[in-house]
Amino acid sequence: MNRFGYQRNLSFVLNRKRSNGHLVYTTLKRDSPKKIFLKPLNVTAGDYSNYKYDMITVHVQYNREIMDTFMKPDTRYITILRDPSAQFESAFVHFQFDGVLPGKKTSRKNIETVATKIQEWFLAPKIYLEKLKELKWEGEKGLRYFYAQNNQIFDLGLHVDLHENKTAVENYIDKLEKELDMVIISEYIEESLLVLKKQFCWSLEDVLFISKNQRSEKAKNYTVSLALKQKMREWNAIDYKLYQIFNETLWKKINSYGPGFYDELKLYRKLLKETFLNCTHGSYYKSLGRLFQNINYKPANNTGWVCQLLAESKSNLMKRVRIRQMPPKKNASSLEEADHLVNETKAAPLAAKRKSVT
Ligand SMILES: Nc1ncnc2c1ncn2[C@@H]1O[C@H](COP(=O)(O)OS(=O)(=O)O)[C@@H](OP(=O)(O)O)[C@H]1O
């Protein structure tokens, strides 16, 4: 999505107070564009009534009523859901929920004990959840509490105070079904992106991607039993329900896609593999920022601008987006860099490469 917007010179909602642009759980308000966001492209600074945006892809909590006030008309809303048994496990590692377990077992060097630690969490999950309220994440207290149970529906705007209220949950899921134009299912990401491509009249090139931020095989070198997966789904029961409903919706869309779906999927998968090899030459680096190893890729030399955008880290791409949207004084030298990259695109567009592939 970020690449799609960047290549088309679209304006992104970015928190000007944070280098990664994330909003996280900042409450969105009508005056957020004025108070928090970087100004959109081609609008005079201070002309707040014209601060309207094309894309919002940073970490943010969905709030349709407010988003509609600063997103351009006809904005389509897309989200991604993941089976909570995998999403909770990933969050458990990324956000170090083990910090509340007895004995301060915070060392991620003990990666092989992830499943054991999650088992331990389920000995007293409510107590540990409460304890997370007191711990900080990126300097903010309470963030990890929100991440630790039904975080997917929370991110989609249903406050934790309503999670116990069955009717409120049902009504909220109904609302999401009406409002969201596309819900990608992480376990079927390729199928989802093909559906999205058709629904939004995008090209196959638009939906090319290279996965980022994956934990390394070494970091996932443990087994999660079916019983533990089940516990994670029960603990995140609202998210699991949400996931099942939208997974069903995806398969309905696939069934009505037309007879060519599986042929197209085969071609798409082939293209993804070739893109990966062309754009990275398979080389990767492990970022060790948060103690566990995350895989990111080194864009291969001389493969062109689109490959660069596809292969580089999410933070790098977002840096480009941010630099382009920053007031001119602050970004003079970096813009020269961006211009240079634009010229490269002309030299080696991926579309031309693709012709030899298909
Ligand atoms: N293409 C694709 N399909 C399915 N899953 C994918 C894909 N790309 C990244 N990932 C997994 O997403 C997890 C990291 O999430 P994010 O990139 O959203 O993290 S971040 O919050 O933006 O830092 C992280 O999950 P875990 O590896 O389980 O921790 C990634 O592996």
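**Exercise 1. Decide whether Asn236 is buried or exposed, and describe its surroundings.**

Solution. Asn236 has a relative accessible area of 1%, so it counts as buried; buried means under 20% relative accessible area, exposed over 50%, and partly exposed in between, with a 1.4 Å probe and protein chains only. The model is predicted: local features need pLDDT of at least 70, side-chain atom pairs count only at pLDDT 80 or more, and totals for chains, interfaces and linings use all residues. Residues are numbered from 1 along each chain as its sequence is written, and side-chain values use heavy atoms, with hydrogens and water left out.

Next, place the residue. Asn236 sits in the loop between helix H11 (226–235) and helix H12 (237–255). Helices (H or I, at least four residues) and strands (E, at least two) are DSSP runs, numbered from the N terminus.

Then list its partners. The Asn236 side chain reaches the backbone oxygen of Met232 at 2.8 Å. Leaving aside residues up to four places away in sequence, Asn236 touches Pro84, Phe88, Ala148, Gln149 and Asn150. Contact here means heavy atoms within 4.5 Å.

**Exercise 2. Find which residues of strand E1 form its covered face, and to which strand E1 is joined by four bridges.**

Solution. Strand E1 covers residues 78–81. Thr79 and Leu81 form the covered face, while Ile78 and Ile80 form the uncovered one. Four bridges join E1 to strand E4 (residues 182–185), and the two run parallel. Two strands pair if DSSP finds at least two bridges between them. For Leu81, the bridge partner in E4 is Ile185.

**Exercise 3. State which residues of helix H10 are buried, and what they pack against.**

Solution. Helix H10 spans residues 189–199, and its buried residues are Glu191, Ser192, Leu193, Leu194, Val195, Leu196 and Lys197. The buried residues of H10 pack against E1, E4, H12 and helix H13 (261–280). After H10 comes Cys201, whose phi is positive, near 55°.

**Exercise 4. Describe the shell around the ligand: which residues come nearest, and how many belong to each class?**

Solution. Start with the residues. There are 14 residues around the ligand, of which Arg82, Ser90, Ser211, Arg215 and Lys314 come nearest; a residue is near a molecule or strand if one of its heavy atoms lies within 4 Å of it.

Sort them by class. The shell has two nonpolar, seven polar and five charged residues. Ala, Val, Leu, Ile, Met, Phe, Trp, Tyr, Cys and Pro count as nonpolar, Asp, Glu, Lys and Arg as charged, and the others, Gly among them, as polar.

Now take the atom pairs. From an oxygen atom of the ligand, a polar side-chain atom lies 3.4 Å away in His59, 2.6 Å away in Ser90 and 2.4 Å away in Lys314. Of the 640 Å² of accessible area that the ligand has on its own, the protein covers 71%. Accessible areas come from the Shrake-Rupley method with a 1.4 Å probe; for residues, only the protein chains shown count as cover. Helix H4 (84–94) and strand E5 (214–215) are the elements that give two or more residues to the shell.

**Exercise 5. Classify Thr116, and give its distance in space from Gly260.**

Solution. Thr116 is in helix H5 (residues 114–121). Thr116 counts as partly exposed because its relative accessibility is 48%. Thr116 and Gly260 are 144 residues apart in sequence, and their C-alpha atoms are 45 Å apart in space.

**Exercise 6. Summarise the chain: how many helices and strands are there, and what share of residues is buried?**

Solution. The chain has 17 helices and seven strands. Of its 358 residues, 48% are buried. The chain exposes about 18800 Å², with carbon and sulfur atoms supplying 51% of it.

Technical notes:
Polar contact = N/O pair within 3.5 Å; in protein donor to acceptor, adjacent residues only side chain to side chain.
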